[in-house]
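Visitor: Could you walk me through this model and set each value beside the definition that it is judged by?

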Amino acid sequence: MSIKRLKGTIGGLVFMTFFSQFLSFVREIIFAYCYGTEFEADAYVMASQIPVTLFAVVTTAINTVILPVYIDKKENKGGDCAEVFLKSFMAVFGILCIGLTLIAEVFAERIVRLFAPYFVGEIFDLTVVYTRVLFPTIILTALTNLITIVYHAEKNFIYPVTAALLQNGSVIVCMAVFGRKYSTGAAVAGTVAGIALNMIFMLAPRVRILLGPVRLSDLRQDIWRVLYQVIPVTVGVGAAEINRIVDRAIASGLDTGSITSLNYSNKLTVVLSSLILSALATVAFQTFSSCYVKGQFRERSSVLTQYITVLLVLLIPVTVGAMLLKREIIAVVFARGAFDETALNQTAAVFQYAVIGIVFIAVREILSKYFFSSGDTKTPMVNTGIGVFVNIVLNVVLSRFLGAGGLALAASISSITVCSLLMIKIVLREDKAVYKKMAVDLIKILAAAAGMSVCLLFFGSRMTIHSNLLKLIVYTVMGACVYFAVLWLTGRDILRYTAETFFHEVKK
């Protein structure tokens, strides 16, 4: 794929991701309006995260290991061979997921107790029921992820994002129509229906992949190749999931609503970053893998630095603005219905710490894709393990002083640690000249962000605006103008490339 085509693709992905995040926003707003931070909300949030956490090893293996192998087979042995490979692994993963789901259903109560040791009585029973309903969805998710590989290998990034809209749409419709009568049960039903619709929509144009024989006997060499790469991924993901278990276990012992406030703040930080990250990460993994297979190593490094620079340009001012306007953002997004003043203060306190990690989480994701694309799953595993250790220790310490906010701060510090270690590893083993320009660009970006901060603090102490929405709009426009003005004076080439990355091909 040419660089120009990539730019056009990223522009289209940003547009579709914006619409997807808008629906996600609407979903969270309706959820907050209907359920606030009550115990039913905590039960749903915990239940929806347990299957994802337990099956993360399977889904991560699919997303990080299968795609490079599939592209390699398609490039060197043809599309038919690649499809046989994928279809055979679909059978393997399908059997694995069904078996794990049955085991999880049997031990659902013990699993919930592991994740939420402080849940008792009604909230515990409700969480167990919701968890059992949601466990089977992981089978559909695994199948969807495998089909997505075909689209990405064909450089079709838009269709999977479009299909994913059905998932949020289903939850929104179910909560809006049945939320009053069935409480959070409506959200559970919407989640199951949305995952199923997403899978059907993805599978329909590629149903031929399911037809024909499955040749497991031909997979011996491929299985060993995949297992060799999956084992480090499994260890890394397993360590990360242990971290999540500890995180949720500590949160379940904090004040009522802590889990939900963590969920609201995490969802908001994801929305703020994923508009850009989702598009770049999706295209980046395919691009890194393709360059590696073709031996285009310098171009691969160049693309990495360009993508990281774009993330820094767009996410550093977002981080600064979100920290300064945390209360206004939470109020505008969630403060209605059951989401009262107490919930507002609780979520804003968590959000101010969670937003610190936005930039580092995004860059870490791109760096991990870079390693995975070359088959190096060991380096991310080791650094993830270090990050998990840091996170768990800080969870225990900081939660005593900051409550749920301490958990968010611990996660941010962990992301900073992992991101720094991965970046150092790359710089030490590759051509340092490629990364020197990125360091200079970072200084210019930080200078522009500092100017923006000074401007907002100066006018914030002299302007009185009572409307949260109006204040958010005014400060956002003012901060953006100052930021891009300073960046225009110090680094026009940065702005030019950032704009071209998303809009060059669209204009043509």
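**Values and their definitions**

Guide: Y483 has a relative accessible area of 0% and is buried, a label given under 20% relative accessible area, with exposed meaning over 50% and partly exposed in between, for a 1.4 Å probe and protein chains only. The model is a predicted one, in which local features need pLDDT of at least 70 and side-chain atom pairs count only at pLDDT 80 or more, while totals for chains, interfaces and linings use all residues. Residues are numbered from 1 along each chain as its sequence is written, and side-chain values use heavy atoms, with hydrogens and water left out.

Visitor: Why does F484 count as partly exposed?

Guide: F484 has a relative accessibility of 35%, and partly exposed is the class in between the cut-offs for buried and exposed, so F484 belongs there.

Visitor: What makes Y483 and F484 an aromatic pair that is edge-to-face?

Guide: Rings of Phe, Tyr and Trp (its six-membered ring) pair if their centres lie within 6.5 Å, and planes under 30 degrees apart count as stacked, over 60 as edge-to-face and the rest as tilted. The centres of Y483 and F484 are 5.0 Å apart with 80 degrees between the planes, so both conditions are met.

Visitor: How many aromatic pairs does the structure hold, and what makes the one between F31 and Y44 tilted?

Guide: The structure holds eight aromatic pairs. F31 and Y44 lie 5.4 Å centre to centre with 40 degrees between the planes, and this angle is neither under 30 nor over 60 degrees, so the pair is tilted. F31 belongs to helix 1 (residues 3-35) and Y44 to helix 2 (residues 39-54), so the pair ties together parts that are 13 residues apart in sequence. Ring pairs also link F288, Y307, Y370 and F371 into a cluster.

Visitor: How do you know that R300 lies over the face of Y370?

Guide: A charge sits over a ring if NZ of Lys or CZ of Arg is within 6 Å of the ring centre and within 35 degrees of the ring normal. R300 is at 3.9 Å from the ring centre of Y370, and K471 lies over the face of Y475 at 5.7 Å from the ring centre.

Visitor: How do you know that the span of helix 6 agrees with what is expected?

Guide: Helices (H or I, at least four residues) and strands (E, at least two) are DSSP runs, numbered from the N terminus, and the expected span of a helix is 1.5 Å times one less than its number of residues. The 13 residues of helix 6 should span 18 Å, and the end C-alpha atoms are 18 Å apart, which agrees.

Visitor: Why is T131 called buried, and which residues does T131 touch?

Guide: T131, in helix 6 (residues 122-134), has a relative accessible area of 0%, so T131 is buried. Not counting residues up to four places away in sequence, T131 touches A47, I50 and V112, where contact means heavy atoms within 4.5 Å.

Visitor: What makes the buried residues of helix 5 line one face?

Guide: In helix 5 (108-115), A108, I111, V112 and F115 are buried. Seen down the axis, these buried residues fall within an arc of 100 degrees, so they line one face of the helix; the arc is that of the directions from the helix axis to the C-beta atoms. On the other side of helix 5, R110 and L114 are exposed.
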